[in-house]
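Welcome, and please open your viewer. We will take the tour one selection at a time, with a short note at each stop.

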Amino acid sequence: MLFSTEPKTSLDELFDREVEVERFRSGLNERLVLVLGIRRVGKSSLVLSVLNSLGIDYVFIDVRKLYDNVSRKVPAGRIYNELMSSLGMLSFWERIKGVINEIDVSLGPIKFRLAASRIRDGIARILETINSAGSHVVLAFDEAQYLRYSTIGLRPLLAYAYDYLRNITFVLTGSEVGHLHDFLGLNDSSSELYGRYYFIIELRPFDRERSIEFLRRGFRELGINVDDKVIERAADELGGIAGWLVYFGGFTPRRVRTRLTRLRRSVPT
Ligand SMILES: Nc1ncnc2c1ncn2[C@@H]1O[C@H](COP(=O)(O)OP(=O)(O)OP(=O)(O)O)[C@@H](O)[C@H]1O
Ligand SMILES: [Mg+2]
């Protein structure tokens with residue numbers, strides 16, 4: 001359903017973006033891929049749809065979920081925990097399960113109170129274990145600029161994985177592009193990641209024509225006939241941002257009708 005508010009997870013559901021899909025696919029042969037774009041433009045949808053379409057092993061972590069509002073940090077234990085709980089999805093999980101459990105046990109039951117360096121070692125060992133399984137794995141961190149709040153320095157770990165763990169491709173999405181670049185420091189000579197090559201995909205809002213098509217298609221799916229003037233006006237106002245087009249479409253035909261009635265009244269005939 002085009003107007004569904006969750007990120008799309010399959011190419012069948014994804015509107016347009018053929019160029020970005022192809023670019024992202026080819027980027028997955030690289031070590032580090034950045035998917036950038038303003039809020040609600042469709043970053044998570046692109047990443048999830050393409051990864052699912054390829055049927056490859058991946059881990060997808062929304063870093064916002066790990067952010068602690070009280071301490072204003074992303075606790076290292078949460079990253080570790082999230083990574084651990086995602087591993088069961090990997091096709092080769094049975095092969096690495098024993099080693100992963102050993103790592104977990106070696107960190108002990110009070111692992112979240114452990115020194116940051118031990119948690120970092122734990123994460124490094126998990127990455128090494130994934131890498132040693134021999135399959136290509138994508139590790140996607142959604143809204144990765146939040147990693148700058150991590151209670152452990154993740155940059156050295158990323159640099160290590162970039163240089164030595166050749167079976168892992170990192171995908172980082174970011175809506176706060178400046179913060180993401182600051183965190184990675186790819187152009188900053190004091191950063192461990194300095195000078196590493198990265199593949200970049202910038203998602204732009206849809207142009208007017210595509211926004212109109214998006215809305216038409218969405219309403220058609222809902223079985224609602226909407227006046228062209230209303231659609232054009234909405235396309236002009238919503239700036240081609242997929243999330244806002246979806247929001248305009250609304251959850252239910254009833255809500256859509258209410259909104260349309262209001263909008264119709266404001267459109268000069
Ligand atoms: N190409 C697309 N085709 C259909 N729907 C899309 C497309 N891109 C985004 N959407 C829809 O727009 C909304 C926002 O998409 P998504 O969550 O992927 O964007 P985002 O850039 O990750 O947003 P955020 O910055 O909030 O994380 C969702 O409802 C999603 O289903
Ligand atoms: Mg997102």
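A word on classes before we start: Ala, Val, Leu, Ile, Met, Phe, Trp, Tyr, Cys and Pro count as nonpolar, Asp, Glu, Lys and Arg as charged, and the others, Gly among them, as polar. Please also keep in mind that this is a predicted model.

**The whole chain**

Begin with everything shown as a cartoon. You should be able to trace 11 helices and 5 strands in the protein chain. Along the principal axes, the C-alpha atoms fill a box of roughly 70 × 40 × 40 Å. The chain has 269 residues, and buried residues make up 50% of them. Among the contacts with a separation of 6 or more, 76% are between residues 24 or more positions apart.

**Helix α3**

Now select residues 76-86, which form helix α3. Is this helix mostly covered or mostly exposed? It is mostly covered, with 8 of its 11 residues buried. To see them, show the side chains of the buried set: A76, G77, I79, Y80, E82, L83, M84 and S86. Next, add their neighbours to the view. The buried residues of α3 pack against two strands, β2 (57-62) and β3 (137-142), and against two helices, α4 (93-107) and α5 (116-132).

**The cavities**

Keep I79 and L83 of α3 on screen, as both belong to the lining of the largest cavity. How many cavities of 30 Å³ or more does the structure hold? There are 2. The largest has a volume of about 120 Å³. To outline the largest cavity, add I123, L127, L139, F141, L147, L154, L157, L158 and F170 to the two residues already shown. Helices α3, α5 and α6 (155-164), together with strand β3, each give two or more residues to this lining. Colour the lining by class and you will find 11 nonpolar residues, no polar and no charged ones.

From here, leave L158 and F170 selected, since these two residues also line the second largest cavity. The other residues to add are R31, L32, Y162 and L193. This second cavity has a volume of about 30 Å³. By class, its lining has 5 nonpolar residues, no polar and 1 charged.

**The largest pocket**

Clear the selection and pick E6, P7, R40, G42 and S45. Of the 30 residues that line the largest pocket, these are the closest to its centre. The pocket has a volume of about 520 Å³. Which elements each supply at least two residues of the lining? They are α2 (43-54), β2 and α10. Helix α10 gives the most, with 5 residues. Colour this lining by class too: 13 residues are nonpolar, 6 are polar and 11 are charged.

**Where α8 meets α10**

Stay with α10 (residues 242-249) for the last stop, and add α8 (residues 208-222). Two packed helices are described by the angle between their axes and the distance between the axes. Here the axes come within 10 Å and cross at roughly 35°. The crossing is right-handed. For the contact itself, show S211, F214, L215, F219 and L222 on α8, then A242, L245, V246, F248 and G249 on α10. These contact residues divide into 8 nonpolar, 2 polar and no charged.

Definitions and conventions
Residues are numbered from 1 along each chain as its sequence is written. Chains are lettered from A and ligands numbered from 1 in the order in which they are written. This is a predicted model: local features need pLDDT of at least 70, side-chain atom pairs count only at pLDDT 80 or more; totals for chains, interfaces and linings use all residues. Side-chain values use heavy atoms; hydrogens and water are left out. Axes are lines fitted to C-alpha atoms, for helices over the stretch in contact, and angles run from 0 to 180 degrees between N-to-C directions. Helices (H or I, at least four residues) and strands (E, at least two) are DSSP runs, numbered from the N terminus. A crossing is left-handed if the near helix is turned anticlockwise from the far one by less than a right angle, and right-handed if clockwise. Contact means heavy atoms within 4.5 Å. Buried means under 20% relative accessible area, exposed over 50%, partly exposed in between (1.4 Å probe, protein chains only). On a 1 Å grid over the protein atoms alone, a cavity is a set of points where a 1.4 Å probe fits but cannot get out, and a pocket is an open set with protein on both sides within 12 Å along at least five of seven lines; lining residues have an atom within 4 Å of a point. Grid points are joined across faces, edges and corners, and a volume is the space filled by probe spheres set on the points.
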